[in-house]
Amino acid sequence: MKCPKCKAPMDNVVLEGVEIERCSGCKGLWFDANEEVMLSKIKHAEMLDLGLASLGKEFNSQEPIFCPRCGDKSQLHKMQDPKQPHIEIDRCTSCNGTFFDAGEFTDFKKHDVLDFFKSLAVKVRR
């Protein structure tokens, strides 16, 4: 599988029986349907997110991008996490897979008081 953002090969990574793909280039993470939710409940799963958030932000504006599972027939759509609207993830509407740019899964997994203030600064996508 190739990264939907930088086109580098994706490596398989397994944590407690959940297998995801991590880009060997930009370090973005691909989760098949609901894997991000499963991993967000596992202690220290954020250690899988090796990339720099600053690099992830550079790739976050890239469009269009296509699903690494479904191919060119399915474009990924930007979506905001309802609990943390400052996190903008890319989701396939066909397979429900999700791509997190480097640093986004760490932020997704961690909920703290700063999330409230971050949400005030973000416009909600419609």
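Two strands count as paired here if DSSP finds at least two bridges between them. I keep that rule at the head of these entries, which concern a predicted model.

**Entry 1, the sheet.** I looked up β2 and β3 with that rule in mind, and found that β2, residues 18-23, and β3, residues 29-31, pair in the antiparallel sense over two bridges. Within this part of the sheet, I noted that Glu21 stands opposite Trp30, a residue of β3. I then followed the whole sheet, which is open and made of seven strands, and wrote down its order as β1-β2-β3-β7-β6-β5-β4, with antiparallel pairing. At the edges I found β1 (10-15) and β4 (66-67), each of which pairs on one side only.

**Entry 2, the cysteines.** I asked how many disulfides a search of the whole structure finds. The search finds zero. Since a disulfide is taken as a pair of cysteine sulfur atoms within 2.5 Å, I went on to look up the separations. For Cys26 the closest cysteine sulfur is that of Cys3, and because the two sulfurs are 3.6 Å apart, they are too far from each other for a bond. Cys67 is likewise in no disulfide, and I recorded 3.7 Å to the nearest cysteine sulfur, which belongs to Cys95. I also checked accessibility: Cys26 counts as buried at 4% relative accessibility, and Cys67 counts as buried at 3%.

**Entry 3, a buried acid.** I turned next to Asp81, which I placed in strand β5, residues 71-81. Which side chain of opposite charge is nearest to Asp81, and how far away is it? I found Lys83 at 6.9 Å, and Asp81, although buried, has no salt bridge. Leaving out residues up to four places away in sequence, I listed Ile87 and Phe108 as the residues that Asp81 touches.

**Entry 4, positive phi values.** I looked up two residues that have a positive phi although neither is a glycine, namely Glu16, at about 50 degrees, and His44, at about 65 degrees. Glu16 belongs to the loop between β1 and β2, whereas His44 lies in the loop between α1 (35-40) and α2 (53-60). Is each of them buried, partly exposed or exposed? I entered Glu16 as exposed, with a relative accessible area of 64%, and His44 as partly exposed, at 43% relative accessibility.

Methods. Residues are numbered from 1 along each chain as its sequence is written. This is a predicted model: local features need pLDDT of at least 70, side-chain atom pairs count only at pLDDT 80 or more; totals for chains, interfaces and linings use all residues. Side-chain values use heavy atoms; hydrogens and water are left out. Buried means under 20% relative accessible area, exposed over 50%, partly exposed in between (1.4 Å probe, protein chains only). Lys and Arg count as positive and Asp and Glu as negative; His and the chain ends are not counted. A salt bridge is a side-chain nitrogen of Lys or Arg within 4 Å of a carboxyl oxygen of Asp or Glu. Contact means heavy atoms within 4.5 Å.
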